[in-house]
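Okay, thanks everyone. I'll walk through one structure today, going from a few single residues out to the pockets and the overall numbers. Have a look at the model first.

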Amino acid sequence: MGGKSGGSQVVGHRYFASVVKFIGFRIEKLLGVNFDKRKWIMNGNNSNALEINEPNLYGETEGGVAGVIDIHLGTQNQEPNKHYQEHDELASGYPYKSYLVFRGENGKGFYHGNTNYMKDCLLWPKRTRVQNDGSEQWYKIRNNDAVVCEIGREYESTKQQYRTTVLVGEKVDESRQVTIDGNALPIVEDQYTLFIDPITKKFLEHFEATGVTGAQTGVGTQRSILLRLTENDYIKGLSIAKITFVASGQVINREIVPPPITVYSSKSWVEDDRHVVEIICLINPLSTDIYQNAEGPENIRADIWSVLSSVKVELFLYEQTWITSTENPDINPIHKIREIIINPYPWGMGNDEFEINDENFKKAADRIYDEGLGISWAIKDKDCIEAIQELCHHIDAGVRKNRNTGKYEVVLFRDDWDSEDIYTIQESKIKSMRLEIQNADEIVNHLDVSFYDRDNIKQGSFSISENGLIKTTGQVNQQDLEFPYFQNMRNAELVAQWKLRNLSTPKWKGTFTTGFREARKFQKYGVIELPWSKKWQGTIKARILNISLGDGVDNTVTIEFEEIVPKSGAMTGTVIVDEQNVSILEPQPCRSEPFELPYYMLVWNFKQRTVDDELSANNEYGLVGAVAARPQPNSVYAIMMTHDGTPDEEWSRAATVNYSPYALIDQEVSKTTHQFIVKNASNLSGLKAGTLMKVGSDVIGTPSEWMSFEDQDPDTGVITVKRGLLDTEPQEWDVGTEIYFCGTDIAYDPTEYSDSDNVLVSVLTTTPSGILPLLGSETVEMQSRAIRPYPPANVKFNGNYWIETHVVSSDLVLTWSHRNRLQQTAATHIDWYDGSVTIEDGVTYSLELSTVDGVLLTETGISSDTFTIDADVFTPNKAHKLKFWSVRAGFDSYQIFEHNFFAESVSLILTAAATSSGISGNTVPTANINIDVDESLKANMQFDGSVIIGKAEPGATITIEVDD
């Protein structure tokens with residue numbers, strides 16, 4: 001005991017290697033690397049030499065990675081890597097090629113773990129502001145502000161910023177307002193629309209009744225409150241809806257927290273360029289039942305709504321805005337399409353830049369930037385046309401070569417069109433029309449969507465359904481939809497909504513022929529207002545999918561078309577995110593407390609005889625322990641690291657820390673409290689009575705306290721404890737104080753420390769993916785805790801605990817209970833308030849009484865369990881401090897009893913009873929008073945220095961206070 005075992009043992013090998021990895025063409029920077037999908041190690045400084053120091057990335061057994069990665073961006077004139085040249089004198093600089101060199105320091109290679117192969121390494125290169133050849137990106141900046149060529153956006157929301165109240169019932173409040181930053185703004189139609197009225201069973205559309213709400217069930221009619229918000233630049237969602245029902249004079253309050261809503265949520269669509277979200281809540285107003293986005297039970301009766309006289313709805317709206325992130329952006333797909341068109345063969349189509357309609361491409365790039373539809377990709381071999389088609393699929397667009405100008409153009413399939421792309425034709429000009437028949441069972445109403453989930457480093461997926469159509473047709477027609485270049489669900493969901501709307505809507509499509517000369521000028525993907533009175537009235541808007549101009553003999557124009565389905569309009573679609581395997585959660589910091597082990601803990605770990613032998617050999621002997629709470633589900637234990645502060649010494653792995661149940665005090669706890677409420681009370685289920693509890697911290701200066709858990713009320717969660725155990729005193733605790741229910745299972749550093757040693761301790765969370773980096777520590781100052789006697793317990797002042805005042809004319813009698821460090825080693829603990837045990841041999845007590853002016857009394861060598869402080873020791877009307885502690889063999893107790901009270905001067909209270917003949921009364925047995933009253937006297941009681949005079953009603957009581 002008291003040291004680390006000698007000898008050596010090989011527990012594994014560490015492997016090093018120098019490695020060169022090629023990326024490909026020119027890159028702009030390397031954002032980060034990820035070994036074995038553990039975590040991204042980001043190149044925050046954008047350095048060309050990324051330092052890696054993750055020796056425990058793979059866990060204790062498999063090690064990690066450490067070294068330097070030299071980054072070569074693929075510039076035209078880059079020099080050979082010096083480290084590479086040490087191994088190969090003829091190494092090239094590889095101009096125009098980007099590559100990485102993994103190397104180590106001090107002649108070693110790159111440390112890649114405790115196995116002889118390097119684990120897979122994901123790279124995150126960035127190339128958005130330069131082109132493949134290294135030249136500056138086309139159309140990089142728009143209007144000197146937005147970097148159009150790269151898209152990196154996230155949502156930022158401020159909740160409960162706006163609030164509005166609507167009264168629903170016989171009369172609707174017409175003075176609806178929204179307050180923004182303290183300024184009241186009227187609610188107008190193009191801000192939002194609210195539908196609600198369970199009383200009249202109708203919607204309020206733009207605050208006018210136009211429909212019916214409620215879902216029929218087998219028992220009654222369920223009433224639903226349908227909140228519908230049309231979003232604009234200010235209001236982006238609903239965080240809370242508070243609904244107050246008034247039924248037969250009774251007020252019932254309900255608070256609804258809807259599911260997370262974004263502009264592109266599962267309950268959203270577009271109407272007139274405004275995004276609309278819908279939340280349907282089925283509510284029983286007379287109970288606590290709330291059913292959100294569900295059909296609800298069948299026992300909600302219709303009659304409960306008939307008694308409602310009014311409903312008040314308070315909507316707490318929040319703003320949700322884009323923020324631009326330039327740290328790890330995607331590229332604008334329009335820029336990527338342009339690169340493919342102009343890059344030389346075989347890396348592109350080899351066209352000249354003048355063959356691009358720049359104005360058209362810039363307009364498309366602006367629109368895609370505003371929509372936030374950035375993409376990221378890494379490809380090896382792919383046909384150029386196929387690549388362009390895949391990119392167009394991601395942004396719902398098409399690329400064409402204008403037959404009139406010979407230039408390439410991008411057409412975005414949106415609800416607004418350029419005037420030059422809208423064509424008309426008379427029905428008489430159509431020679432023939434062949435329409436494709438679309439059967440109901442061919443209409444797609446369910447999409448299974450996949451994308452790349454960059455956050456979790458894996459394929460992500462979700463499904464999206466058109467619920468209304470599924471209910472109408474009674475069947476599900478499924479189709480797969482892949483977005484491999486989208487790196488987040490937001491983009492995939494937005495475009496999937498567009499495509500589902502198109503696939504789930506019955507529409508006309510087919511081909512027609514015409515000899516109309518102007519039709520030869522129509523462009524692919526243009527919009528034609530198409531008449532055909534045999535099937536529809538007026539015209540429909542259709543998109544031209546293909547044009548055939550004939551074969552030179554027959555110049556009839558054949559046009560393939562499809563009716564356009566607007567992306568705006570109502571949908572009843574829902575998004576269901578497939579259950580994902582959560583990405584490997586990196587080690588998170590854990591709550592922990594280091595401390596010097598008390599005598600009791602040493603005995604439970606090493607047996608009492610062994611501990612006593614150690615203390616007899618070195619009475620300053622002490623060990624450092626630590627307790628910790630589990631910070632995350634995938635962490636089984638933590639590692640205790642220690643350092644003795646000696647320069648040039650390394651941190652030592654001292655122990656494995658098993659996590660303790662953990663809670664926070666949820667009320668103010670006085671020194672006499674034995675029952676209190678804790679947060680996280682559910683963590684204590686199954687805890688055994690007598691389990692030791694460490695409360696508070698020894699490190700921050702406030703004395704900690706050991707308690708023991710005795711019981712927990714199953715209904716309230718209130719716990720019952722014993723106070724002031726072992727070598728500690730009861731303390732006062734605030735809300736939020738930490739409690740570790742650790743028992744005797746304490747991790748400790750076996751290294752022996754002596755009095756005044758400062759030991760640095762850090763508790764590091766471990767997971768299967770690694771160990772928390774050592775970034776900070778706590779200092780434990782050793783105080784020879786194990787040898788010190790236990791302090792006196794159950795201290796009373798004239799029979800009372802912790803008095804506030806004492807009258808200086810009286811003696812103060814102290815009583816207390818003995819404690820015994822050597823005897824109190826059983827599993828059953830003695831409460832501070834319990835009676836005496838046999839005093840430990842050699843223990844005496846000392847006390848000190850003082851005021852701010854100095855020490856009034858000191859006493860040492862007290863061996864009994866009582867002591868009297870004479871009255872003449874106290875200073876009248878002063879605050880006094882009493883310190884009281886135990887002493888053995890020159891060692892004071894680890895904690896001392898300390899209490900402040902006020903010593904006040906004597907006061908005489910004169911109580912007298914008034915009658916018609918006089919006043920009589922007394923103060924103390926030796927003082928009597930008799931006062932004659934002049935009944936004709938109208939004034940109050942008066943004192944002239946020798947006589948008290950006055951008048952009172954018969955039977956009244958007069959109290960006179962005389963200060964000594």
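Let's start with Gly 32, which counts as buried because its relative accessibility is 0%, and the cut-off for buried is under 20%. Before I go on, keep in mind that this is a predicted model. Gly 32 sits in strand E3, residues 29-35. What does Gly 32 touch, leaving out residues up to four places away in sequence? You get Trp 40, Ile 41, Met 42 and Asn 43, and then Leu 122, Leu 123 and Trp 124. That last partner, Trp 124, is 92 residues from Gly 32 along the chain, yet their C-alpha atoms are separated by 5.2 Å.

Now for the largest pocket. Its volume is about 1600 Å³, and 44 residues line it. Nearest its centre you'll find Pro 125, Trp 377, Ala 378, Ile 379 and Lys 380. Which elements give two or more residues to that lining? They are strands E2 (19-24), E9 (121-126) and E27 (330-331), plus helices H3 (333-342) and H5 (384-395). E9 gives the most, with five residues. By class, the lining of the largest pocket splits into 24 nonpolar, eight polar and 12 charged residues.

Let me stay with H3 for a moment. This helix is mostly covered, with 10 of its 10 residues buried. The buried set includes Ile 334, Ile 337, Ile 340, Ile 341 and Ile 342, but also His 335, Lys 336, Arg 338 and Glu 339. And what do the buried residues of H3 pack against? On the strand side there are E27, E28 (397-401) and E29 (408-412), and on the helix side H4 (358-371) and H5.

A quick word on cysteines. The structure holds zero disulfides. Take Cys 384 and ask, is it buried or exposed? Cys 384 is buried, because its relative accessible area is 16% and the line is drawn at under 20%. Cys 392 is buried as well, at 7%.

Next, closed spaces. Searching the whole structure turns up two cavities of 30 Å³ or more. The second largest holds about 40 Å³ of space. Its lining includes Gly 724, Leu 725, Leu 726, Thr 728 and Glu 729, then Pro 791, Pro 792 and Ala 793, and further along Arg 819, Gln 824 and Trp 832. Sorted by class, that lining has six nonpolar, three polar and two charged residues.

One more single residue, Thr 815. You'll find it in strand E57, residues 812-817. Thr 815 is partly exposed, because its relative accessible area is 29%, and that class runs between the 20% and 50% cut-offs. Setting aside residues up to four places away in sequence, Thr 815 touches Asn 794, Val 795 and Lys 796, along with Asp 865 and Thr 866. Thr 815 and Asn 798 are 17 residues apart in sequence, with 7.7 Å between their C-alpha atoms.

Last, the overall numbers. The protein has nine helices and 69 strands. Of its 964 residues, 47% are buried. If you take contacts between residues at least 6 apart in sequence, 67% of them join residues at least 24 apart. The accessible surface comes to about 47500 Å², and carbon and sulfur atoms account for 46% of that. That's my tour, so over to you for questions.

Methods. Residues are numbered from 1 along each chain as its sequence is written. This is a predicted model: local features need pLDDT of at least 70, side-chain atom pairs count only at pLDDT 80 or more; totals for chains, interfaces and linings use all residues. Side-chain values use heavy atoms; hydrogens and water are left out. On a 1 Å grid over the protein atoms alone, a cavity is a set of points where a 1.4 Å probe fits but cannot get out, and a pocket is an open set with protein on both sides within 12 Å along at least five of seven lines; lining residues have an atom within 4 Å of a point. Grid points are joined across faces, edges and corners, and a volume is the space filled by probe spheres set on the points. Ala, Val, Leu, Ile, Met, Phe, Trp, Tyr, Cys and Pro count as nonpolar, Asp, Glu, Lys and Arg as charged, and the others, Gly among them, as polar. Helices (H or I, at least four residues) and strands (E, at least two) are DSSP runs, numbered from the N terminus. Buried means under 20% relative accessible area, exposed over 50%, partly exposed in between (1.4 Å probe, protein chains only). Contact means heavy atoms within 4.5 Å. Accessible areas come from the Shrake-Rupley method with a 1.4 Å probe; for residues, only the protein chains shown count as cover. A disulfide is a pair of cysteine sulfur atoms within 2.5 Å.
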